[in-house]
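Q: I have a model open and do not know where to begin. Can you take me through how to read its features?

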Amino acid sequence: MGFEAELDLYLRARYTLVVVVTVEEERALQAITGVCERGRRPCLAWDLADGFEALSGQTGSLPSARDPLAVIDQVEKIDGDTTFVLKDFHDCWGNAQVKRKLRSAVQRLKFTRKSVIVISPTRTVPDELRDEAVVIELPLPDSAHLDEVLGTLTKTPGIKVDLTPAGREKLGQAALGMTAAQARRAYAKAIVRDKALDDRHIEAVVREKKEIIRASEALEFYPVYETPDDVGGLDVLKQWLRLRERAFTQEARDYGLPAPKGIALIGIPGTGKSLTAKMIGGLWRLPLLRLDVGALFGSLVGEAEERTRQALRLAETVAPCVVWIDEMEKALAHGGGDSGTSTRVFGTILTWMQEKTEPCFVVGTANDVTSLPPEVLRKGRFDEIFFLDLPTAEERAEIFSVHLRKRSRFPSDYEVTRLAQRSEGYVGAEIEQAIVDAMYVGFNQDREFTTDDVVAALDRQVPLSVSQRETIAALRTWLREGRAQSASFAEAFEAERRFVVPLEPLEPSESRRSFTPSELPGPLEL
C-alpha cells in the first residue's frame, strides 16, 4: 500500500493523531493535500511563523492561533471534518502542558471526523501520546516521481534536453536515494552548468548522490571499478557470483527467481574479502554501499536506533544495490554496558537482513568467526558462507600478475612462478606490499625493479599466517564440518588436499634472510 492510500485509510478510519515521518515537508504537504481533495475534506496547515493556511476545501475565514496551546483550542472549536496539519509541532513534545492538552484533545476528537497530522523528521513520539498516535513514514521518491521532477525542470523554456530513453531511465536510477528537492538541485546544477541535459550528466548526478549518502554518516558510497580480473584466484566464489549476475533483472523475476540475499566472507586479514565486496558491485554493475555500524551510535537516547532505520531505508531506496558490512565480528558485537542500545541496533540489522523485501545484496566480511554471534550466520540471512584460505601457488601467481599489471608492468618480464613459490604462506595484501617495497628499492636506485627485489622484499616480511596459525586451523575445521564453502575449490576434500601450510614462527636467533645494504632504501632527504 502506498503512502497516500495508507493515509487515506487512516483518515477514513477516524484516526485522530497521525505522525508523518519525513524530512520532505513540501512533498508531504502535497501528498496530504491530494488525499484531502480526493476525499473532499477541508485541510488546514499551521506553523508557528505564519499561523493557519488553507490547503484544500476551506471557504470561510481562517482561525487565528499564534502558539501551540491556542492551536489545539482551535482544532476542537472548528466544526466539520477538517484535517489539521501541524508543522514543526515535534518541537513542542518537550512541553508538558502541550502534551497534556493535545492528548486530551485527540481523545475527544474520536467522536468527530477531525484528524491531526504532525509532520516530523524523526519517529520520536512522547510516551504519553504513543497510544493515541499512529506513525507513518513518507518513503523517498521512486523512479516515477523523480522522472516527474525531471519533466518539470525540462519544460523550462531554453533548456535543451538530449536524453535517450535509456539515459533518462538511468538518470532517474542515479537519483534514487535522494529527496525530491535534492534530485531537483542535482538536475538543475547540470542544466545551469551546460545549458543542456544529456546522458553525460548521469555521472554528475551520481557524484551528487555520493555526497548526500556520505552526509548520512552511517553509509558510504563506494565507486565500483574492480572486476573479477582484479582478484586473483577464488574461482568458485567468482563462478557463484557470475551465476547470479542477472539475478536482479526483470527476466529473473519473471522466471520466478528470488533476489539473492547475500554472502559472508570469512578469512584472515589480507585474503581479499574487502576487494571481493568491491568486485561484486563492479561485476553486477550495482551501487556499493558500506554500512559503518560504528557511525550509527549517537549520544542521545534513541538516536542510534533512528540512524539505523534511516540507513537501512536509504539502502532499500537505492536498491538494487550491494550493502557491505566490513569486519562483522566488530560491527555486530553487542554488550550490556550501553543500556541495551547496541543490542537493539544489532537486532534491527539482523531482522532487516532476514526480512528485507528490496533487492539489497549483503556482503559481510569477518576475520574471526569465533567472535560472531551464532545468529548472524544462520541460514536465511546469507545464501552462502565462503572461506578465503591462504592462496595456493596458482592463486599467488595470479595475484602477482594482477598487481604487476595494475602498476603498468608486464608479468612476462618477471619470474612469476618463482615468486609464487617463494611466497608460500603469504596472503594477497602481503604480496602486493612486497611489490610496492621492491618498487621503492628500484626507484631509489634509479632503475627498474626486478624479481630479485620482490624476493628480497618477501623475505623481509613476517607473514600474518605465522601469528594466525590457530585462526586458520579453526576456520579450516569449519570447512571440514561443512559449515562454510571454500572460495577456491568446489569440494571440501580438494580444498583440504590443497591446504597451504602456514609458516612456522622463527626462533629469536633466526632471520628470514640477510640482505645487503644496497638493497635497503637510501637515507631520506629532509
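The dialogue below goes through sheets, helices, a pocket and two backbone details.

Q: What kind of model is this?
A: It is a predicted model.

Q: Let us start with sheets. In what order do the 6 strands of the open sheet lie?
A: Read the strands across the sheet, from one side to the other. Here the order is β3-β2-β4-β5-β1-β6, and the pairing is mixed. β3 (51–56) and β6 (133–137) are the edge strands, since each pairs on one side only. From one strand to the next, the twist averages 25°.

Q: How many bridges join β4 to β5, and which way do the two strands run?
A: Take the pair strand by strand. β4 covers residues 83–87, and β5 covers residues 115–120. They run parallel, joined by 5 bridges. For one place to look, find Leu86: Val118 in β5 stands opposite.

Q: What is the strand order in the open sheet of 7 strands?
A: Read this sheet in the same manner. The strands come as β9-β11-β12-β13-β10-β14-β15, again with mixed pairing. Its edges are β9 (219–222) and β15 (485–486), each paired on one side only. Within the sheet, β10 (residues 262–266) and β14 (residues 384–387) run parallel, with 4 bridges between them. Leu265 has Phe386 in β14 as its bridge partner.

Q: Which strands does helix α8 lie across, and which does α20?
A: Take the helices one at a time. Helix α8 (residues 202–215) lies across β9 and β11 (288–291). Its direction is at about 155° to β9. Helix α20 (residues 469–480) lies across β10, β14 and β15. The angle of α20 to β14 is about 135°.

Q: How do I describe two helices that pack together? What are the values for α9 and α11?
A: Two things describe a packed pair: the angle between the axes and the distance between them. Helix α9 (residues 235–243) packs with helix α11 (residues 273–284) at an angle of about 35°. Their axes are 11 Å apart. The crossing of α9 past α11 is right-handed.

Q: Which residues of α9 and α11 make the contact?
A: From α9 come Leu237, Lys238, Leu241 and Arg242. From α11 come Thr276, Met279, Ile280, Leu283 and Trp284. Sorted by class, the contact has 6 nonpolar, 1 polar and 2 charged residues.

Q: Now for empty space. What is the volume of the second largest pocket?
A: Rolling a probe the size of a water molecule over the atoms shows where empty space is left. For the second largest pocket, the volume is about 500 Å³. It is lined by 27 residues; Gly270, Thr271, Gly272, Lys273 and Leu275 are the closest to its centre.

Q: Which helix supplies the largest share of that lining?
A: α15 does, with 5 residues. At least two residues of the lining come from each of α11, α15 (393–406) and α17 (428–444). By class, the lining of this pocket holds 9 nonpolar, 9 polar and 9 charged residues.

Q: Last, the backbone. Which residues does the cis peptide bond join?
A: Most peptide bonds are trans, and most residues other than glycine have a negative phi. The cis bond is between Ala319 and Pro320, with omega of about 5°. Pro320 sits in the loop between α12 (303–318) and β12 (321–325).

Q: What is the phi of Asp88, and where is the residue found?
A: Asp88 has a positive phi, near 60°, and is not a glycine. Look for Asp88 in the loop between β4 and α4 (96–108).

Definitions and conventions
Residues numbered from 1 in each chain as written. Predicted model: local features only at pLDDT ≥ 70, side-chain atom pairs only at ≥ 80, totals over all residues. Heavy atoms only, no water. Axes fitted to C-alpha atoms, helices over the stretch in contact; angles between N-to-C directions. Left-handed = near helix turned anticlockwise from the far one by under 90°. Contact = heavy atoms within 4.5 Å. Nonpolar A, V, L, I, M, F, W, Y, C, P; charged D, E, K, R; others polar. 1 Å grid on protein atoms, 1.4 Å probe; cavity = no way out; pocket = protein on both sides within 12 Å on 5 of 7 lines; lining within 4 Å. Points joined across faces, edges and corners; volume = space filled by probe spheres on them. Pairing = 2+ DSSP bridges.
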